[in-house]
Amino acid sequence: MREKDNLMNWLNQLPSEEEPLTEAEMKRLTQQVLQRTGCKKPAKRRGRLLYSWSVGGKVLVGGVACVALLVGINGVNPVLAEGLPILGDVFAYINGLPKGYLQSDQLSVYAQSAQVGAESNAPQDSGAAAAPALQREGGDEQPYKLTLTQIYCDEMYLRLGLTLTAEDDALAGFDGVTLDPPLLWEDTTAEEANTLYGGVTLNGEAIGGDLLPYFRKQDDTTFVCEMDYNLQNYTGDTQNVQASLTFSNLVGVCEGSEETTPLEGTYHIDFTVSADETLTREGQIDGGVQNGIRLESLEATPGETRIQYTVTSMSDKTELYPQIFMEDGSNLEWVKGTPEEQTESGETFWTYYFDAVPEGAKTLTVRILDKSAEEEAVLAQWTVTLF
């Protein structure tokens, strides 16, 4: 601990126009840094994460790098320094992680600000015995505050920025808060299952999230979460949609531990949302059919990039892998794909989602590789101009 204190003090003495932090301020800030960088873990309320997260979910669980917390440590207001990083919105925070899910630095620009607080609902009887909840004084049905702070919606995705806050230190011992829904029974409806797992309803139609909700710790009283809902299979209207979201069976978790701590409360949010169709840029494709592969479409929004292509004939051993390159040679990371959807003509239809195209980019290169070959072979390549 002494070496870490010396480092903090040394940083605090670097030349600056601002007054150095006081000893008390340094002590509090040091504790913040040690907790955020994993040097010191809270000893209480260890949690067990019951679900096997996808790759996307695992990479989303991350702390803040020490260097990000310490740069310019004596050049900011001491009160603000203790709450680093200073975050303007949930989307900016998620996008700032090493690799978030469907990353985009444009969401904050196009998102609609909202301050919709959750109503308190009595837990529904799911047929399973409820786990004992963390007891708090007062016995409120809604011991924490869940707020919808941001809404982003294009033709492909609905994204919600959510904050979970506590008035005291009841959540301070956790690294995150997620869901531990009860087992589903044979008579559980799709709508009930959707609600239990953090899905939304849009005009009464259930839409599941890409990942289970995971609230990341911003400070001892504030946790933030981005929920992404793919609208590909949504069949209703996309304008003035009456939407609702319910969270229950919340649990506190800590990284490196398999235990969970049940939290009280069921939270329900109603809101209205409209998809902004003007955000979609269509791609003009130059390249035609290559090796039985045809790029059908490329659509780019501030939130994500989607390509769709068909395959007329391909060996069972062929392993297709799509890529999108920018003009400078950098590539967008693909997040997920839905292959093997048969068309009426017998073609296989593929849909893949990538990170958002940077604003201002107009020309892209799309490649389909065969990863089953000894040396990765480019089966098809197209030039796409965005309009």
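Modeller: A salt bridge is a side-chain nitrogen of Lys or Arg within 4 Å of a carboxyl oxygen of Asp or Glu. Keep that cut-off in mind, and note that this is a predicted model.

Colleague: How far apart are the closest N and O atoms of Arg-294 and Glu-347?

Modeller: They are 3.2 Å apart, so the pair falls within the 4 Å limit and forms a salt bridge. Arg-294 belongs to strand E15 (residues 293–300), while Glu-347 sits in the loop between strand E19 (334–342) and strand E20 (348–354); the two are 53 residues apart, and the pair links distant parts of the chain.

Colleague: Is Glu-347 buried or exposed?

Modeller: Buried means under 20% relative accessible area. Glu-347 has 13%, so it is buried. Arg-294, with 29%, is partly exposed.

Colleague: How many salt bridges does a search of the whole structure find?

Modeller: The search finds 8 salt bridges. One of them joins Glu-226 and Arg-159, with the closest N and O atoms 3.0 Å apart. Because Glu-226 lies in strand E9 and Arg-159 in strand E4, this pair ties together parts that are 67 residues apart in sequence. Glu-226 counts as buried at 14% relative accessibility, and Arg-159 is buried too, at 0%.

Colleague: What about Lys-217 and Asp-220?

Modeller: Their side chains meet in a salt bridge, at 3.3 Å from N to O. Lys-217 counts as buried, at 17% relative accessibility, whereas Asp-220 is partly exposed at 28%.

Colleague: Now the sheets. How do strands of a sheet pair?

Modeller: Strands pair through backbone hydrogen bonds, either parallel or antiparallel. In this structure, 8 strands form an open sheet with antiparallel pairing, in the order E1-E3-E4-E9-E8-E5-E11-E12. Its edge strands are E1 (112–117) and E12 (261–262), each of which pairs on one side only.

Colleague: How many bridges join strand E4 to strand E9?

Modeller: There are 9 bridges between E4 (residues 157–165) and E9 (residues 222–230), and the two strands run antiparallel. To find one place along this pairing, look at Thr-165, which stands opposite Thr-222 in E9. The salt bridge between Glu-226 and Arg-159 also connects these two strands, E9 and E4.

Colleague: What is the strand order of the open sheet of 5 strands?

Modeller: The order is E2-E13-E10-E6-E7, and the pairing is antiparallel. Strand E2 (119–120) and strand E7 (205–207) are the edges, and each pairs on one side only. E2 is joined by 2 bridges to strand E13 (residues 267–273), and these strands run antiparallel. Ser-120 has Tyr-267 in E13 as its bridge partner.

Colleague: The last feature is the cavities. How many cavities of 30 Å³ or more are there?

Modeller: The count is 3. Take the second largest cavity as the example: its volume is about 60 Å³.

Colleague: Which residues line the second largest cavity?

Modeller: The lining consists of Cys-153, Leu-158, Leu-202, Leu-231, Tyr-234, Asp-237, Thr-238, Val-241, Val-273 and Ala-275. A list like this is easier to read by class: 8 of the residues are nonpolar, 1 is polar and 1 is charged. Asp counts as charged, so Asp-237 is the charged residue in this lining. Two of the lining residues can be placed in strands already discussed: Leu-158 falls within the range of E4, and Val-273 falls within the range of E13.

Conventions
Residues numbered from 1 in each chain as written. Predicted model: local features only at pLDDT ≥ 70, side-chain atom pairs only at ≥ 80, totals over all residues. Heavy atoms only, no water. Pairing = 2+ DSSP bridges. Helix = DSSP H or I, 4+ residues; strand = E, 2+ residues; numbered from the N terminus. 1 Å grid on protein atoms, 1.4 Å probe; cavity = no way out; pocket = protein on both sides within 12 Å on 5 of 7 lines; lining within 4 Å. Points joined across faces, edges and corners; volume = space filled by probe spheres on them. Buried < 20%, exposed > 50% of the residue type's maximum accessible area, 1.4 Å probe, protein only.
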